[in-house]
Amino acid sequence: MKRLYLQTYGCQMNQYDSDRIARLMEQQGYAATDSPENADLIILNTCSVRDKAEQKVYSALGRWRELKERNPALLIGVGGCVAQQEGETLFRRAPFLDLVFGTQNIHKLPAMVEDASMARERQIELAFHREPSYMEDAGAEPIVHGAKAYVTIMQGCNKVCSFCIVPYVRGRELSRPSAAIIQEVESLAARGVKEVMLLGQNVNSYGKTAAGELSFAELLARIDRVEGIERVRFTTSHPEDLSPALVAAYEKLEKLCEHLHLPVQSGSDHVLKRMRRGYTRREYLHRIEHLRERRPDVALSTDIIVGFPGESEAEFADTLEILREVEYDDIYAFGYSPRPHTAASKLFNDDIAEEVKRARLEKVLRLQAEISRRKNFARIGIVEEVLVDGIAKLGRGQMTGRTRANRIVNFPGSAELSGKLVNVRISGAGANSLTGELIGAQ
Ligand code: SF4
């Protein structure tokens, strides 16, 4: 049996793609190895959303060069966003590389590996597809982790956020046919899956570019009716596409979890304009208010970029202010870094010093930790429904799972609770998680 060493950088979408790669190659007789030294095939699945992505790729390739010199039959490939972005440059800078495949070419990987090993020729596939049917190709079945599964519902993005590389490396929006998605969710339920996470770069614009297709809210309503599925989540979404129908879904749909990740990026109108986000601070807050009127217990998380070009102290203070005002449950914050091809990298100087970005990032994270701790502390005494993921990282007889609002809960319990819905009385809280006592399984 041949062995595959697969390394992944980046987001949930990329993790999903890596699971697909692993399964496709398993069908070709490759077993996973956690050591590149023992591999017959090394694949690096990359993400270029954050800074230093390219350097990370080239330094990983540098480490594997020696392995290739020792074993010329070893095949090395790079996929994902950096592959899409760099293309042939990867071959020029790493001449020993065998495979480069873009974000929409994972299904071609088995044939590429076969051709590279038979013909001893480099293979490159970077095409973007115009038809969503390519997502139905072999290896596209959903990935199941215990009682949870990821289901891709769309790919690509038609927005023009000035800092974002996604539209360049993931292509234009393509929505999978709703019939295929619903069928997939039904078959997951039949396999015992209780929670589905709907994935896409901008899931709440699902269906907009596909004539006659369901809207995202309609798709959620259909999935809500699938027997056996207990929880539905989605990520990620754009505030502009938080439609009244989607807000109403939070009130009406029993299985739609009371959690929304709604990236705000900045609290300053000037920065939002330079970011080309398409909404003002007021419009964003109005949407949140509307959502909270319909679903008061909804938990919110967001993405923040600090140190965007030209961000003044006052503009940064607006970001701190929006964190206080919304009181998110969780945030993902980053210092700005210019990404290739993007409008921001062409139009603006990256003029905020690194130490200023670092200091602003620390401030944002410190403030959020206070807010999260306070909000988590308020859960003490409440009985939460937890879907158990498995044994907690700390071990010591602790299990871990998530509430419907996506809060992490650790509690003493046994491994056979994995995949079950249980009730846990919350007895302790930190900034990132809750602890509690098991009351019973549902
Ligand atoms: S909506 Fe999200 S994925 Fe699309 S361009 Fe903006 S930040 Fe990037």
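Let's start at Ser178, which touches Tyr206, Glu213, Leu214 and Leu219 once residues up to four places away in sequence are left out. This is a predicted model, so keep that in mind for everything below. Ser178 belongs to helix H7, residues 178-190. Is Ser178 buried or exposed? Its relative accessibility is 10%, and because buried means under 20%, Ser178 counts as buried. There's also a link to Ser215: that residue is 37 residues away along the chain, yet the two C-alpha atoms are separated by 9.3 Å.

**Helix H7 and its surroundings**

Ser178 has company on the buried list of H7, which also holds Ala180, Ile181, Ile182, Glu184, Val185, Leu188 and Ala189. What do the buried residues of H7 pack against? They pack against strand E7 (143-145), strand E8 (148-152), E11 and helix H8 (216-224). After H7 comes Gly192, with a positive phi near 100 degrees.

**Helix H1, by comparison**

H1 covers residues 12-27. Its buried residues are a mix of side chains: Met13, Asn14, Tyr16, Asp17, Ser18, Asp19, Arg20, Ile21, Arg23, Leu24 and Met25. H1 is followed by Gly29, and here too phi is positive, near 95 degrees. The lengths of the two helices can be set out side by side.

| Helix | Residues | Expected span | End-to-end C-alpha distance |
|---|---|---|---|
| H1 | 16 residues | 22 Å | 23 Å |
| H7 | 13 residues | 18 Å | 18 Å |

For H1, the expected span at 1.5 Å a residue agrees with the distance between its end C-alpha atoms. For H7, the reach is close to what is expected at 1.5 Å a residue.

**The six-stranded sheet**

Now for the sheet that H1 sits on. It is an open sheet of 6 strands in the order E2-E1-E3-E4-E5-E6, with parallel pairing. Strand E2 (30-32) and strand E6 (123-125) are the edge strands, and each of them pairs on one side only. On average, neighbouring strands in this sheet are turned by 20 degrees against each other, direction ignored.

Moving inward, E1 and E3 run parallel and are joined by 5 bridges. Thr8 has Asn45 in E3 as its bridge partner. On to the next pair: strand E3 (residues 41-46) and strand E4 (residues 75-80) are parallel too, over 6 bridges. Within that pairing, Thr46 stands opposite Gly80 in E4, and Ile42 faces Ile76 in E4.

How many of the residues of E3 are buried? The count is 6 of its 6 residues, so to speak of E3 as mostly covered is fair, given that buried means under 20% relative accessible area. The cover is on both faces: Leu41, Ile43 and Asn45 are buried on one side, and Ile42, Leu44 and Thr46 on the other.

Which strands does H1 lie across? They are strand E1 (2-8), E2, E3 and strand E5 (99-101), and H1 runs at about 175 degrees to E1. Helix H5 (residues 109-119) packs on the sheet as well, touching E2, E3, E4, E5 and E6, and its direction makes about 160 degrees with that of E5.

**Strands E11 and E12**

E11, already met as a packing partner of H7, spans residues 195-199 and pairs with E12 in the parallel sense over 5 bridges. In that pairing, Val196 has Val232 in E12 as its bridge partner. Strand E12 (residues 231-235) has 5 of its 5 residues buried, so the rest of the structure largely encloses it. Arg231, Arg233 and Thr235 are buried on one side of E12, and Val232 and Phe234 on the other.

**The three-stranded sheet**

There's another open sheet, with 3 strands in the order E13-E14-E15 and parallel pairing. Strand E13 (259-261) and strand E15 (330-335) each have a single partner strand, so one side of each lacks a neighbour in the sheet. The twist here averages 10 degrees from one strand to the next. Strand E14 (residues 299-306) pairs with E15 in the parallel sense over 6 bridges, and Ile305 stands opposite Phe334 in E15.

**Around the ligand**

Finally, the ligand. The residues around it are Cys157, Lys159, Cys161, Phe163, Cys164, Val166, Pro167, His238 and Arg277. By class, this shell has 6 nonpolar, 1 polar and 2 charged residues.

Key: Residues numbered from 1 in each chain as written. Predicted model: local features only at pLDDT ≥ 70, side-chain atom pairs only at ≥ 80, totals over all residues. Heavy atoms only, no water. Near = heavy atom within 4 Å. Nonpolar A, V, L, I, M, F, W, Y, C, P; charged D, E, K, R; others polar. Helix = DSSP H or I, 4+ residues; strand = E, 2+ residues; numbered from the N terminus. Expected span 1.5 Å × (residues − 1). Buried < 20%, exposed > 50% of the residue type's maximum accessible area, 1.4 Å probe, protein only. Pairing = 2+ DSSP bridges. Axes fitted to C-alpha atoms, helices over the stretch in contact; angles between N-to-C directions. Contact = heavy atoms within 4.5 Å.
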